[in-house]
Each structure stands twice: as structure tokens, then as C-alpha cells.
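Dear colleague,

I am handing over the structure below, followed by some notes on what I found in it. Please read them with the coordinates open beside you.

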Amino acid sequence: MAFHRLQILNRQIQPNSLVEMAPSTTSPSSPILSSSPIDVKHPDLVIRQATIPERHQTWVINKESWAGILSENAYYLREAHISSQDLTRNGGITYWILVDPAAPCDGACPQSPDHILSACEAIRKPSLIVRQDGEVEEVICWCIGSVYTAERHRGKGYAKTMLQLLGHQLKEFRDPSDPKRANLRVGFSVLYSDIGKKFYAKIGWQPHQSSHISFPAKLPSSVSSAKVKNVLKSDLRALCAADCTHVRRLVTRSSFPAGLKARCVQFPTKEVMDWHHAREEYIGQYVTTKAPMIKGAWAAITQGAEYPPKEGSEGLDAVWAIWTHDFGLKKLVFLRLHIPPIDKSNQDAAHQALRQVVISAVREAEAWGFKEIISWNPTDATENAVASVFGKESEGGYDLVHREMDSIASLMWYDREEGSEEVEPEGIEWCVNEKFAWC
Ligand SMILES: CC(C)(COP(=O)(O)OP(=O)(O)OC[C@H]1O[C@@H](n2cnc3c(N)ncnc32)[C@H](O)[C@@H]1OP(=O)(O)O)[C@@H](O)C(=O)NCCC(=O)NCCS
């Protein structure tokens, strides 16, 4: 299998044999992987970080597919805007292109764009790995997106070559821009395939659970208003901090079923949510002149639950959703649905709280003229709450969709250095695999 082959090759390579990575993303002489240690179709080609003119050129090339409802210029501005958020600035996002080093190519010259054979980007996310033996490791995850080959270059193996090189190279691409995080290992990389499950699996990104629940943005007449607190931008810091504390405890304390070697998770941080919201606010203002103010809904499970949660809290006394507005597809999408552990003592109250959050999401979607609400990889509790509002799936109340072609959550695992235990990709659980982790 290609995956195992890459793993073996990873072990043979000393980190120093890779050209040292600089944080700069602007120089045409950005470092490159001088020769490929991987068996690729185009061993003479290399990947390197795109210069600023080249970045722009990749947007010119891919706008046909991804500008959506934005005009050409608005699309370029959107891409620049979301690349300057807390999550993405200072090397948080890196832009990669596949080029022929032998071909004359001036990185500052977008007038000769043919030298970009394929392109993509990668966003750095704070993450955690927990192993079967209880070891907990803070890591970086690179989230790869915007994989694109210009039409005239397609079908020649360029995307595949670029991704094979990048998947390998990201393993050693730590965090040059932040001294506090410089020592963090890259534990895994992810991408979200819109071309099914096979292409990326063949080169090492294994498909994981990719389902969602979809319910209509119209309440049955019998359902009354929701009793929730609207989540505003200013509340996100406290909510995300509590949720990250909760997620950390969840993945570190839950027992490991037989066969499971390791768990990994991206943290649902405020910076991650802000990046999604920068995108929705930009498109919202472009399309409607208004940016959505309501970022989610919070409902108490116990009396006296505090809003927003106090510092150090795990938020176990409440349920909340943080969502994003998709103006192109007219959907409200849950980025994260925080549900504390449910047992007999809190199940009725948790159900009621979750139901209120569902109802308020419908109200929000309705207010924007949207058609549906989406929540990725829903739990039974979520499904029950939706069913309590809309009726059973079998009666058309909602849809539970197992995606086969689009947004397939796919993961490449990076084993540690030689001598450490190797983890098979099928022994990995990707926890809290919800929309916030997408890029
Ligand atoms: C998908 C894409 C990046 C492939 O680029 P490419 O340089 O032509 O890819 P390669 O030549 O390396 O590999 C072609 C492989 O991609 C597969 N592929 C291409 N488009 C596909 C599609 N729409 N659905 C499924 N598979 C597809 C081919 O079947 C082929 O598979 P094979 O290696 O098993 O024969 C390119 O078609 C593209 O830019 N498409 C539009 C944007 C897009 O969909 N990007 C991917 C987002 S996840």
C-alpha cells in the first residue's frame, strides 16, 4: 500500500536531508525539497511555497470552481481576508505549488502562470494525540485544502505528485513562526475530499466517518420559541476555552476499546471559529450587506448554569452550538455542538436543552431565508433532539446522510521517529470530527 511505503520512507530520511524550512512565504527562492525520496510519477518536479504573485495566480486559476457567489475581485479579496486571521497569519497558512525546477520560471511573474502545475494550501491547527498506554502528546495538524490543477494540466499525475511530496514534507514542517510551538511535532494531516474516497486514500489520507444530519429551516406550527441565550462573538473566547478543556478531558479519559491504538483531535479553539466566521461575515456582507451577529445558541442543562462558562470550566452544565452561515448554499452549519456526557441523571434535561438549541438554529436559518441546517457526525442525542422537533427520519422529519463524494474527512497519520511504536491507520480514532475542523 502506498501509505505503508511512505511510512517506511519517512523512517529512512534524516530531518536534515530536507532543505530547512523558512517561515517566509513570499520569496521566489522559497526552500524546496531538492530531490524526492518518494516514488512519484514526476520525480523531477518539486513543491515549494508560492510567492505572493503566485498565490494570486492560483486564485485566478481556481476561481472558476470556488468563487461561488462572489465576483472575481471579491473572491480574491476574500481569500486574502481569511489568510490574515489569527489562525492563518504569520505562517498559519502556507501555500504550496508543484513546479518544474528546470523550466524557466520567475516566481514574481504571474504573467507566465503555466509553471504552476498544481497547487494547494495548508492551515496549521493545534491538536492532541492520546495513545493506548495513556501518553498524551500536543501536536500540530496541517489541514490541506484548495487542491487544484488547471484544466490544461489535468490527468498527468500532477496533483498526486504534489500531494505525495507535501504529505511527506509536512511531517517535518513544524511551526517556524512561533517559538512557543516550535518543538511541537506534526502528528497528522487532514483534508476533505470532494472527489470521493479513493484518490486520496491511495496516497495515504484514509477516509473517516463523514456523515451529517440535515433538517429543514421551518418549524412545525406546534413548536414554540426556543429558550436559549444567543451566542455572540464576544462570548466565543469563554465558550471555546471551556469546550477545549472538555474535549481534552474527553479524549484523555475515555477508555480504549480493543484494537484502538490512538486517538487524535483538533481543538475547537476561538481562532478556528473566528476563521470560519471571517469567511461567513465577508460573504454575508457581500450578498446581503449584513454580517450575521448570532454565532450560536446556548441552553442550560442544570439550574444555575453560568453563561458564559467561567474560566477553567468544562461547560458540563449546558449544551451549545457554534454555527456558521453558508450564504452560497443557504445552509446553517454547526461548526461544533458541545454536548456533555449524558447519563440517567441528566438525560431529560440534556435532551430538552439540545432541543432548544435545535429550535433556535431553525429560527436563525429561517431569518436568513435559508433552507436547511446541517450538523456533522451527529450523536444519538442530537438525532433524538431533531426527531423530537420534526418527527422520525422514516417519516421524512430529517435526513441522515453518509457522504460518499464530498467533504470526506481524510487523515494521514505521522508516526514518530524510528524505534517508536508504529500505529496502523485503521487503529486511529479521529475524535470530535465536526465541521469546525474543515478547511
Ligand atoms: C481533482 C484534481 C485536483 C486532480 O488533479 P490532476 O492533476 O488532474 O490529478 P492527477 O492527474 O494527479 O490524478 C488524477 C486522478 O484524480 C482522479 N480525479 C480527478 N478528478 C476527479 C473527480 N472529479 N472525481 C474523482 N476522481 C477524480 C482521477 O480519476 C485520477 O485518479 P487515478 O490516479 O486513480 O487515475 C483536478 O481535477 C481539479 O483541480 N479539479 C477541480 C478542483 C477539485 O475538485 N479539487 C479537489 C478538491 S478535494
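Helix 4 is the element that gives the most to the shell around the ligand, contributing 3 residues, and please bear in mind throughout that this is a predicted model. Both helix 4 (158-170) and strand 4 (136-148) supply at least two residues each to that shell. There are 17 residues around the ligand, of which Thr149, Arg154, Ala159, Lys160 and Ile195 come nearest. Sorted by class, the shell holds 7 polar, 6 nonpolar and 4 charged residues.

Turning to the interior, the largest nonpolar core comprises 108 residues, and those touching the most other members are Trp96, Met162, Ala297, Val319, Trp320, Val357 and Ala361. Helix 8, which spans residues 347-367, gives the most to this core, with 9 residues. Domain 1 (2-209 + 406-437) and domain 2 (212-266 + 284-402) each provide at least three residues to this core. Apart from it lies another core of 5 residues, including Trp59, Leu70, Tyr75 and Ile283. As for Met162, if residues up to four places away in sequence are not counted, this residue touches Ile47, Trp96, Leu98, Ser118 and Cys120.

For the protein chain as a whole, there are 9 helices and 16 strands, and buried residues account for 41% of its 439 residues. Where contacts in the protein chain join residues at least 6 apart in sequence, 76% of them are between residues at least 24 apart.

With best regards

Methods
Residues numbered from 1 in each chain as written. Predicted model: local features only at pLDDT ≥ 70, side-chain atom pairs only at ≥ 80, totals over all residues. Near = placed C-beta within 6 Å. Helix = DSSP H or I, 4+ residues; strand = E, 2+ residues; numbered from the N terminus. Nonpolar A, V, L, I, M, F, W, Y, C, P; charged D, E, K, R; others polar. Core = buried A, V, L, I, M, F, W, Y, C linked by C-beta atoms within 7 Å. Buried ≥ 20, exposed ≤ 12 C-beta atoms within 10 Å, placed from the backbone. Domains from an automatic or database assignment. Contact = placed C-beta atoms within 7 Å.
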